[in-house]
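Welcome! Have the sequence and the 3D view ready, and try each exercise before you read its solution.

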Amino acid sequence: MSSQLSLPPERPVHFIGVGGIGMSALAGILADRGYAVSGSDPRQSDLSQGLRKRGARIFRDQNKATVDAIRSGVSCSPLVVISSAIPANNPELLAAKAAGLEICHRAALLAWLIAEQRSIAVAGSHGKTTTSSLIASLLSAVGMDPTAIIGGVVPAFGSNARTGASNLLVAEADESDGSLVQFHPALGVITNLELDHTDFYPNLEALVQTMQRFAGNCSEVLANADCPVLQEHIKAHHRWSLAEEGPGQEAYFRAIPLSMAGDGSRADYLENGHRLGELSLPLAGRHNLSNALAAISACRLMGAPFHDLQQALTGLVPPGRRFDLRGEWQGRLVVDDYAHHPSEVAATLSMAQLMVSSGRSTLPWVPKRVVAVFQPHRYTRTAEFLNRFAEALTTAPKTLLAPLYGAGESPLPGISSAALAKAMQNLGADVNAYGCLDELASALETETSPGDLVLVMGAGDVNQIWGRLQNQTLAAAA
């Protein structure tokens with residue numbers, strides 16, 4: 001299906017807030033394809049700096065002067081791209097509207113790219129970035145040369161975007177604002193479904209309806225048979241599962257676990273009940289095995305040979321901020337992870353604890369203990385899942401809580417990191433809440449011990465903890 005967006009090669013494209021992970025990926029693809037790309041990024045992030053190296057023009061200011069600059073000396077009126085993160089009163093957006101420039105949401109641009117190629121769009125509540133990253137990495141490794149637009153940095157590419165020479169495209173389809181209903185891919189992959197983004201969806205039913213619309217737009221749908229919500233509500237042409245066949249559970253693609261350890265998993269791989277071989281995955285955790293099976297299944301549907309995929313699987317690395325080892329600090333391993341939903345926190349902690357209990361690890365050495373550092377993200381999400389967060393985090397021997405990251409939301413009465421700490425204490429947890437990141441970083445020296453794995457989780461600015469620890473070390477040495 002064609003998109004209504006008109007984007008001839010001579011038309012300049014400007015991104016307001018180009019430093020974001022999703023926006024920078026789209027900008028990179030267009031820059032690689034020869035479009036005149038520009039963008040604004042007050043933070044001057046690594047992603048925007050990478051775009052500058054690809055020929056994009058990057059402005060620091062988001063104001064009328066930037067709009068005047070992108071209109072100057074061009075024969076074709078620029079297309080202005082925004083994301084849901086750009087507020088309606090943004091000065092640059094207001095200036096673009098006043099100048100009569102065409103403005104589109106990033107989802108419309110992604111929908112246009114998806115419609116232009118044979119595309120795989122990966123949706124679902126959890127695992128989208130990992131699964132889409134694995135699909136793109138595997139297709140690249142077996143020589144199918146895809147274009148990729150991912151919501152995280154893919155280690156195999158060193159970027160969140162890759163321009164391939166084939167007609168294949170792999171894209172992450174974000175459900176947070178409902179915009180994925182604009183996508184019409186050849187294959188839609190749905191990893192799982194449970195309530196999240198409660199600032200947009202009032203209940204699970206509303207989220208299900210959005211995902212049903214997305215699924216209806218896909219030529220084919222590949223869904224997770226192990227997710228009860230998907231089983232009940234989503235019609236799929238193909239399903240995958242980690243379970244043995246059972247009554248009412250149909251799945252063409254299966255990976256039956258043989259061993260699950262802290263340094264990876266082994267499983268028998270079956271298609272339509274026939275064993276094709278053994279999978280060896282260098283990523284720990286049942287959730288990662290499911291993500292990898294989804295990726296292999298999608299690649300198989302695109303025609304990739306199994307034995308080539310089997311070999312490529314052994315070299316996979318998760319995307320950035322997905323159990324991302326930042327380094328060693330005073331005898332502790334510091335890992336950064338994007339987990340910000342109770343299910344994601346539980347899965348990430350389970351994977352870390354598996355490294356301790358199995359005595360095997362993908363990290364440089366096997367940790368003796370896991371210490372969780374968690375930052376609640378959004379007041380609405382924290383209010384909805386306060387008790388579930390408490391239950392998930394209580395599985396860690398010790399937890400340090402960063403201040404809640406509002407992500408632009410107005411505070412809600414009684415919702416804070418201190419409230420989460422109280423809920424955890426009621427469950428018997430060893431937990432402390434801190435007033436700022438510097439205070440938390442300082443506390444890590446006394447609250448943790450050599451041999452610990454410090455697992456930093458959250459979608460806000462808690463990933464800055466590693467930099468603060470480095471600064472503490474430099475200050476102590478001065």
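Below are five exercises, each with a worked solution.

**Before you start**

This is a predicted model, in which local features need pLDDT of at least 70 and side-chain atom pairs count only at pLDDT 80 or more, while totals for chains, interfaces and linings use all residues. Residues are numbered from 1 along each chain as its sequence is written, and side-chain values use heavy atoms, with hydrogens and water left out.

**Exercise 1. Find the annotated binding site and describe Gly127 and Thr129.**

Step 1: Start with the record. UniProt, in an unreviewed entry, places a "binding site" at Gly124, Ser125, His126, Gly127, Lys128, Thr129 and Thr130. UniProt positions follow the numbering used here, feature names are shortened, and annotations may be inferred rather than shown by experiment.

Step 2: Locate the two residues. Glycine 127 sits in the loop that joins strand 6 (118-123) to helix 6 (128-141), whereas threonine 129 belongs to helix 6. Helices (H or I, at least four residues) and strands (E, at least two) are DSSP runs numbered from the N terminus.

Step 3: Check accessibility. Buried means under 20% relative accessible area, exposed over 50%, and partly exposed in between (1.4 Å probe, protein chains only). Glycine 127 has 21% relative accessibility, so this residue counts as partly exposed. Threonine 129 has 4%, so this residue is buried.

Step 4: List contacts, meaning heavy atoms within 4.5 Å. Leaving aside neighbours within four places in sequence, glycine 127 meets Thr191 and Asn291. With residues up to four places away not counted, threonine 129 touches Ile150, Gly151, Gly152, Glu172, Pro319 and Arg322.

**Exercise 2. Describe how helix 1 and helix 5 pack.**

Step 1: Two packed helices are described by the angle between their axes and the distance between the axes. Axes are lines fitted to C-alpha atoms, for helices over the stretch in contact, and angles run from 0 to 180 degrees between N-to-C directions.

Step 2: For helix 1 (residues 21-32) and helix 5 (residues 106-116), the axes come within 11 Å and cross at roughly 40 degrees. The two helices are therefore oblique to each other; angles under 35 degrees count as roughly parallel, over 145 as roughly antiparallel, 65 to 115 as roughly perpendicular and the rest as oblique.

Step 3: Name the residues. Helix 1 contributes Gly22, Met23, Leu26, Ile29 and Leu30, and helix 5 contributes Arg106, Leu109, Leu110, Trp112 and Leu113.

**Exercise 3. Where do Gln44 and Arg378 lie, and what is the sign of phi in each?**

Step 1: Most residues other than glycine have a negative phi.

Step 2: Glutamine 44, in the loop between strand 2 (37-40) and helix 2 (46-53), has a positive phi near 50 degrees. Its relative accessible area is 12%, so glutamine 44 is buried.

Step 3: Arginine 378, in the loop between strand 18 (369-374) and helix 12 (379-393), has a positive phi near 75 degrees. Its relative accessibility is 21%, so arginine 378 counts as partly exposed.

**Exercise 4. Is Thr348 buried or exposed?**

Step 1: Threonine 348 is part of helix 11 (residues 342-358).

Step 2: Its relative accessibility is 5%, so threonine 348 counts as buried.

Step 3: Apart from neighbours within four places in sequence, threonine 348 contacts Phe323, Asp337, Ala339, Leu455 and Met457.

**Exercise 5. Describe the annotated C-terminal domain.**

Step 1: An unreviewed UniProt entry lists residues 321-460 as "domain: Mur ligase C-terminal".

Step 2: The end C-alpha atoms of residues 321-460 lie 12 Å apart, and the span is 38% helix and 22% strand.
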